[in-house]
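I open this notebook to record what I looked up in one structure. The entries are kept short and follow the order in which I worked.

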Amino acid sequence: MNIEDWKRKNAHPKRYAHFDKRVALRTAWDYISNSEKVTHHGFYPFVHYQQKFNKFNSVDGIKLKERELCYAAHIDRYIYSYYGFLLNEKYNQRVVKDGFTDSAVAYRTDLNKNNIHFAKEAIDFIRTNTPCYIVVGDFTHFFDKLNHQYLKKQLCNLLECESLPSDYYAVFKNITRYSIWDLDSLLLINGLEDTKSSIKELNQRAQLLTAKQFRQNKKECIRPHKEVFGIPQGSPISAILSNIYMLDFDKKVRQFCDNNFGLYMRYSDDFIIVLPEISGIPFSEQLKKIQGFVSGTEGLELQEEKTQLYFFDDTQIKNISAEYLTTSNSGNNSLNYLGFTFDGKTVTIRDKTISKYYYRMRRKANFIVKSGGYTKTGKRISNKNLYYLYSIKGANTGNGNFLTYVQRAERIFGKDEAINRGTKSHMHKIKKLLNGNPNK
C-alpha cells in the first residue's frame, strides 16, 4: 500500500459520533501530516465499551464473552492511522531484511493474503514434512500485557534512533498513557438508555457532548490508564504496534525453526511451529527452547491451557500435550489453526465456526416462526433476508455472507478437502426451521 492507497481507504470519516466533529481526510490532511502539529496535538479520551459475543464450545455450549474495545476521536483516528501506515511501511521493509516476512502474517499490507492462505501454507508444510512435531498456542491477554518501555525500545529499533522523534513520541505517549470515557456514561448524560437503538441515535449526532457537558463531566468520567503495560484494542495503530513489539521474538523463533528445518507462523497472538523429526533434536529440548523465547520477552505469557502439541506421521495426527505440559488438556487428535481443522487426512472449517453460523441462522428463523411471519405493527416479515444472510442465494450478492467465505476457502484449499462438509445441508435446515420442524 502506498500513501495514495492509504488516502483513498481513509478518505471518509467514520459514522460514529465522538468528542470532535466528523471531518474528511482532505480537510485534516495538512494537520495530521505536519509533525509539529502532531507533536502538540491534544488527544481526546477513547470511548470505551464492552463487546459482548457468544463463544461456542462442544463441552460448555454457548458461553457469553466480553472484549474491551476503544475507539478514537476523528482527528485522533486519522493521526493514529497515518502513523500506523508509516510504521507499517518500515516494518514491512524490516521483516524482509531480517528474513521472516512470511512468519509474522497478521495486519500486513504487503502480503495480499488472508487467514485461509496462511492456514493452507501451514497445513501443506505439515503434510510435506512428515513425521513432525507441531506446537499451536496463543499469548495471554496479548494487547493488555504489552510493556510500554519494551515497546518504546522496539519502536526505536525499527526507526533506527536512540530516542523517538517528537511527533512519534506524542503518538506513543497517547496510545500508552491513554484515557477512556465509558459509552454507558455518555448515554446517561444524553438521557439515553443503554440499548442498540439509543447508541444508534447517539451516533447520529454531530458530537457526543457539547463543550459545556464535556467540561462538567470530564473529572468524574475520564479514567486514565495508569499501568505501565497495555494498549487499547480497537485503535488504528494497535495492530502494527503489536507486530513491532514482536520483532526480536519473531526473528529468534524463525531462526530457530530454520535451523531445525521447521516452520514458524504468527497471526497476532496465535502461532504455529512445525518441527520435522529429521532435525534429530529431541522435541522436549526444542519445546524448552521455545518456552525460553517466550519467558525471555517482556509481557509475553503462553496460555498453557490453550497450548496444544501434536505429532504427525503420514496421515495420523496425535495430541501429545499431556506428555509435555502439566497444565494442558490433551484435546482431540485434530489440529485447529486460524479457523480450520486438520485431522491428518482432510481439512474442514472448524466446528465452532459452523456452530456459530447455524446458531445465528436458527435464531433468525425461530424469530420469524414465533412471530407468525408478522411484526408487532402488522408488517409482514419476508424470508428473503434470512436466505440472503445464511444461504447460498446470498453468497454472491452484495457483501456476501458466511457461505461466500466457505466458497473462497474451497477455491484456496482445493476441492479435494472437505471444506463445505458442515454447510452442505444448510438449505434443507433453513426450510425445516421455517416449517417449524427443527428436529425432524
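The entries below concern a predicted model and cover its cysteines, its sheets, the helices against them and some backbone details.

**Entry 1. Cysteines**

I began with the disulfides and asked how many the model holds. With a cut-off of 2.5 Å between cysteine sulfur atoms, the count is zero. Cys70 takes part in no disulfide, and the nearest cysteine sulfur, in Cys221, is 15 Å away. I then looked up the burial of Cys70: its relative accessibility is 8%, so the residue counts as buried.

For Cys132, I noted that the closest cysteine sulfur belongs to Cys257 and is 12 Å away, which is too far for a bond. Cys132 is also buried, with a relative accessible area of 0%.

**Entry 2. A cis peptide bond**

I went next to the backbone before Cys132. The peptide bond from Thr130 to Pro131 is cis, and I recorded an omega near -5°. Pro131 sits in the loop between helix 5 (115-128) and strand 3 (132-138).

**Entry 3. The sheet of five strands**

Strand 3 led me to an open sheet of five strands, in the order 6-7-3-8-9 and with antiparallel pairing. Which strands form the edges? They are strand 6 (263-267) and strand 9 (316-319), each of which pairs on one side only. On average, neighbouring strands of this sheet are turned by 15° against each other, direction ignored.

I followed the pairing from the strand 6 side. Strand 6 and strand 7 (residues 270-276) are joined in the antiparallel sense over five bridges. I picked out one pair: Tyr264 has Ile273 in strand 7 as its bridge partner.

At the other edge, strand 8 (residues 308-313) pairs with strand 9, antiparallel, over four bridges. Here Tyr310 has Asn319 in strand 9 as its bridge partner. The hairpin of strand 8 and strand 9 has two residues between the strands, and within this hairpin Asp314 takes a positive phi near 60°.

I also asked which residues of strand 9 lie on its covered face and which on its uncovered one. In a regular strand the side chains alternate between the two faces of the sheet. For strand 9, Ile317 and Asn319 make up the covered face, whereas Gln316 and Lys318 make up the uncovered one. Asn319 thus appears twice in my notes, as the bridge partner of Tyr310 and on the covered face of strand 9.

**Entry 4. Helix 12 and its surroundings**

I then looked for what lies against the strand 6 edge. Helix 12 lies across strand 6 and strand 7, and runs at about 155° to strand 6. In the loop between helix 12 and strand 6 I found Phe261. Phe261 is not a glycine, yet its phi is positive, at about 60°. Is Phe261 buried or exposed? I recorded a relative accessible area of 52%, so Phe261 is exposed.

Helix 12 (residues 247-259) also packs with helix 13 (residues 283-295), at an angle of about 170° and with the axes 10 Å apart. An angle over 145 degrees counts as roughly antiparallel, and therefore helix 12 is roughly antiparallel to helix 13. The residues of this contact divide into six nonpolar, one polar and two charged. On the helix 12 side I listed Phe249, Lys252, Val253 and Phe256; they meet Gln286, Lys289, Ile290, Phe293 and Val294 of helix 13.

**Entry 5. The sheet of three strands**

I turned to an open sheet of three strands, which has the order 10-11-12 and antiparallel pairing. Its edge strands are strand 10 (335-337) and strand 12 (347-349), each pairing on one side only. From one strand to the next the twist averages 30°.

Strand 11 (residues 340-342) and strand 12 run antiparallel and are joined by three bridges. Thr341 has Thr348 in strand 12 as its bridge partner. Which helix packs on this sheet? Helix 17 (residues 402-413) does, touching strand 11 and strand 12, and its direction makes about 165° with that of strand 12.

My last item was the loop between strand 10 and strand 11, where Leu338 is found. Leu338 is another residue with a positive phi, about 55°, although it is not a glycine. At 14% relative accessibility, under the 20% limit, Leu338 counts as buried, whereas Phe261 is exposed.

Key
Residues are numbered from 1 along each chain as its sequence is written. This is a predicted model: local features need pLDDT of at least 70, side-chain atom pairs count only at pLDDT 80 or more; totals for chains, interfaces and linings use all residues. Side-chain values use heavy atoms; hydrogens and water are left out. Buried means under 20% relative accessible area, exposed over 50%, partly exposed in between (1.4 Å probe, protein chains only). Axes are lines fitted to C-alpha atoms, for helices over the stretch in contact, and angles run from 0 to 180 degrees between N-to-C directions. Angles under 35 degrees count as roughly parallel, over 145 as roughly antiparallel, 65 to 115 as roughly perpendicular and the rest as oblique. Contact means heavy atoms within 4.5 Å. Ala, Val, Leu, Ile, Met, Phe, Trp, Tyr, Cys and Pro count as nonpolar, Asp, Glu, Lys and Arg as charged, and the others, Gly among them, as polar. Two strands pair if DSSP finds at least two bridges between them.
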